[in-house]
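Me: Please walk me through how the inside of this one is packed, with a close look at the aromatic part. Spell out the cut-offs as you go, since I'd like to compare them with my own.

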Amino acid sequence: MRWPVIIGIEAEVIEGFKALPRRGAEIGGALLGHQEASGEFFIDAWKPIVIEHRSGPSYVLSEADIQSWRAFAASAAASGKNFIGIYRSQTRPGLGVTPEDCAIVEKFLPRQQGVLLIVKPLAVSESVAAFYLCEGGAVVEGEAREFAFGRTAAPAYVIADLDAAARPDPANAQPGRI
């Protein structure tokens, strides 16, 4: 995964985490990138797919949410975007695949291989994650390794570069109104 993708997804996860008292709201979306001949996945971008949360704070799809996912999948296929995975946050206990994750993978990631990324916010400044391999529309059984995810896992030079890119250039600043 590219660092801007990691930092961007984590920022969304933390916003969802802070959105509701106690456990927060789960968020999710699509991962875009490519798979090398060696089998390695490279994730270059992400696309948040906002849901209604009709079933509460978990990332569980309603009929309207399924239509949003279908529209995204059709749009990605038509535009040549390489939709290779799904991500979501997990604010409920544990860090693992749920039956709802399997249903999303089955419906929207039917390709030969892909990935499922689950990100768990531990606090507003710390997250962990796990990748799961998907094959033929199913999450492959097996143990995923948990790893540090987000700004706390990034090398200092990455954070400095990202922060510098986010700062406006004073030479190009537009006069403001009061």
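**Inside the main core**

Reply: Let's begin with the fold as a whole: among contacts (heavy atoms within 4.5 Å) in the protein chain with a separation of 6 or more, 59% link residues 24 or more positions apart. Keep in mind that this is a predicted model, where local features need pLDDT of at least 70 and side-chain atom pairs pLDDT 80 or more, while totals for chains, interfaces and linings use all residues. Residue numbers start from 1 along each chain as its sequence is written, and side-chain values use heavy atoms, with hydrogens and water left out.

The chain has four helices and seven strands (DSSP runs numbered from the N terminus: H or I of at least four residues for a helix, E of at least two for a strand). Read from the N terminus, their order is α-β-β-α-β-α-β-β-β-β-α. Out of 178 residues, 39% are buried, meaning under 20% relative accessible area with a 1.4 Å probe on protein chains only; over 50% is exposed, and in between is partly exposed.

Now for the core. The largest nonpolar core (buried Ala, Val, Leu, Ile, Met, Phe, Trp, Tyr and Cys joined through side-chain atoms within 4.5 Å) holds 21 residues, and the ones touching the most other members are Trp 69, Phe 72, Phe 83, Ile 86 and Leu 116. Two or more residues come from each of strand S1 (28-35), helix H2 (63-79), strand S3 (83-89), helix H3 (99-108), strand S4 (113-123) and S5. H2 is the top contributor to this core, giving four residues. There's also a second, separate core, with 15 residues, including Ile 6, Tyr 87, Val 115 and Ala 129.

Phe 83 is a good place to zoom in. Skipping neighbours within four places in sequence, Phe 83 has contacts with Ala 30, Leu 31, Leu 32, Trp 69, Phe 72, Ala 76, Phe 108, Leu 109 and Arg 111.

That brings us to the rings. Two rings of Phe, Tyr or Trp (its six-membered ring) pair if their centres lie within 6.5 Å, and the planes make the pair stacked under 30 degrees, edge-to-face over 60 and tilted otherwise; that rule gives six aromatic pairs here. For Phe 72 and Phe 83, the centres are 5.1 Å apart and the planes sit at 85°, so you get an edge-to-face pair. Because Phe 72 belongs to helix H2 and Phe 83 to strand S3, the pair ties together parts that are 11 residues apart in sequence. Both Phe 72 and Phe 83 are buried. They also belong to one aromatic cluster, along with Trp 69 and Phe 108.

One backbone detail, away from the rings, is worth a glance. Most residues other than glycine have a negative phi. His 53 isn't a glycine, yet its phi is positive, at about 60°. You'll find His 53 in the loop between S2 and H2, partly exposed at 25% relative accessible area. That loop between S2 and H2 also carries Ser 58, which counts as buried at 11% relative accessibility. Leaving out neighbours within four places, Ser 58 makes contact with Arg 23, Glu 26, Ile 51, His 53 and Arg 92.
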